[in-house]
Amino acid sequence: MDLFAHNDNRAFLFEVKSTENKNFRPQARKGIAQLLEYEYFDVQKFSDDNNLLFDQKHKIIVPSQIPKDERYVNFINSLKIGVAMVGQGELTPIGVDLGFTNI
């Protein structure tokens, strides 16, 4: 897991991937598996150990370049996983904003 952050009711799990358009799918595929595994094992353990119950859990893949493969971004979004770029103090969704930018 590249970054886990939370506040009282929201958890954010980020997986950053070095991508070029030719390798976006395999890199994103790895990111999907990692996010699901980290959420199941690590975030749940952290929540249990600290008696936290998050109303929202956001899983986000952060590629190093904006992907041109819109169909795969749509697929990732269908799994309730966001795709976003990180800029100067902001998170910009690619595809569907699954609510993770509403801070």
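**Exercise 1. The sheet**

Task: In this predicted model, determine in what order the strands of the open sheet are arranged, and which strands lie at its edges.

Solution. Begin with the overall arrangement: 5 strands form an open sheet in the order E1-E2-E3-E4-E5, and their pairing is mixed. The edge positions belong to strand E1 (3–6) and strand E5 (90–94), each of which pairs on one side only. Between neighbouring strands of this sheet the average turn is 35°, with direction ignored.

Next, look at the pairing at each end. At one end, E1 and E2 are antiparallel and share 4 bridges, with His6 standing opposite Ala11 in E2; these two strands form a hairpin with 3 residues between them. At the other end, strand E4 (residues 82–87) and E5 run antiparallel and are joined by 5 bridges, and here Val83 stands opposite Ile94 in E5.

**Exercise 2. The helices on the sheet**

Task: Establish which strands H1 touches and which strands H2 touches, and then explain where the buried residues of H2 lie around its axis.

Solution. Take H1 to begin with: this helix packs on the sheet and touches E1, strand E2 (10–17) and strand E3 (56–63), while its direction makes about 145° with that of E2. H2 also packs on the sheet, where it touches E3, E4 and E5, and its direction makes about 110° with that of E4.

Now consider which residues of H2 are buried, namely Tyr72, Val73, Ile76 and Asn77. Because these residues cover an arc of only 145° around the axis, they are placed on the same side of H2. The cover over the buried residues of H2 includes H1, E3, E4 and E5.

**Exercise 3. Aromatic pairs**

Task: Find how many aromatic pairs a search of the whole structure gives, and work out which parts of the chain are linked by the pair of Phe24 and Tyr72.

Solution. The search returns 6 aromatic pairs. One of them joins Phe24 and Tyr72 in an edge-to-face geometry, with 6.2 Å from centre to centre and 90° between the planes; an angle over 60 degrees is what places a pair in the edge-to-face class. This pair links distant parts of the chain, since Phe24 belongs to helix H1 (residues 24–49) and Tyr72 to helix H2 (residues 70–78), 48 residues apart. Phe24 has a relative accessible area of 2% and is therefore buried, and Tyr72, with a relative accessible area of 9%, is buried as well.

A second edge-to-face pair consists of Tyr40 and Phe41, at 5.0 Å centre to centre and with 80° between the planes; both Tyr40 and Phe41 are exposed. Finally, Phe4, Phe46 and Phe54 form one aromatic cluster.

**Exercise 4. A buried threonine and a helical lysine**

Task: Decide whether Thr19 is buried or exposed, list its contacts beyond its sequence neighbours, and then identify the polar partner of the Lys45 side chain.

Solution. Thr19 lies in the loop between E2 and H1, and because its relative accessible area is 4%, Thr19 counts as buried. Once neighbours within four places in sequence are set aside, the residues in contact with Thr19 are Phe24, Gln27, Pro63, Ser64 and Gln65.

Lys45, in turn, is part of helix H1, and its side chain makes a polar contact of 2.6 Å with the side chain of Asp49. From Lys45 to Ile76 the C-alpha to C-alpha distance is 25 Å, for a separation of 31 residues in sequence.

**Exercise 5. Positive phi angles**

Task: State where along the chain Asn51 and Lys80 are found, and whether Asn51 and Lys80 are buried or exposed.

Solution. The background to this step is that most residues other than glycine have a negative phi. Asn51, although not a glycine, has a positive phi of about 50°; this residue is found in the loop between H1 and E3, and its relative accessible area of 72% makes Asn51 exposed. Lys80, also a residue other than glycine, has a positive phi near 65° and is found just after H2, in the loop between H2 and E4. With a relative accessible area of 59%, Lys80 is exposed.

Note on methods. Residues are numbered from 1 along each chain as its sequence is written. This is a predicted model: local features need pLDDT of at least 70, side-chain atom pairs count only at pLDDT 80 or more; totals for chains, interfaces and linings use all residues. Side-chain values use heavy atoms; hydrogens and water are left out. Rings of Phe, Tyr and Trp (its six-membered ring) pair if their centres lie within 6.5 Å; planes under 30 degrees apart count as stacked, over 60 as edge-to-face and the rest as tilted. Buried means under 20% relative accessible area, exposed over 50%, partly exposed in between (1.4 Å probe, protein chains only). Two strands pair if DSSP finds at least two bridges between them. Axes are lines fitted to C-alpha atoms, for helices over the stretch in contact, and angles run from 0 to 180 degrees between N-to-C directions. Contact means heavy atoms within 4.5 Å. The arc is that of the directions from the helix axis to the C-beta atoms. A polar contact is a pair of N or O atoms within 3.5 Å; within protein, one must be able to donate a hydrogen and the other to accept it, and residues adjacent in sequence count only if both atoms are side-chain atoms.
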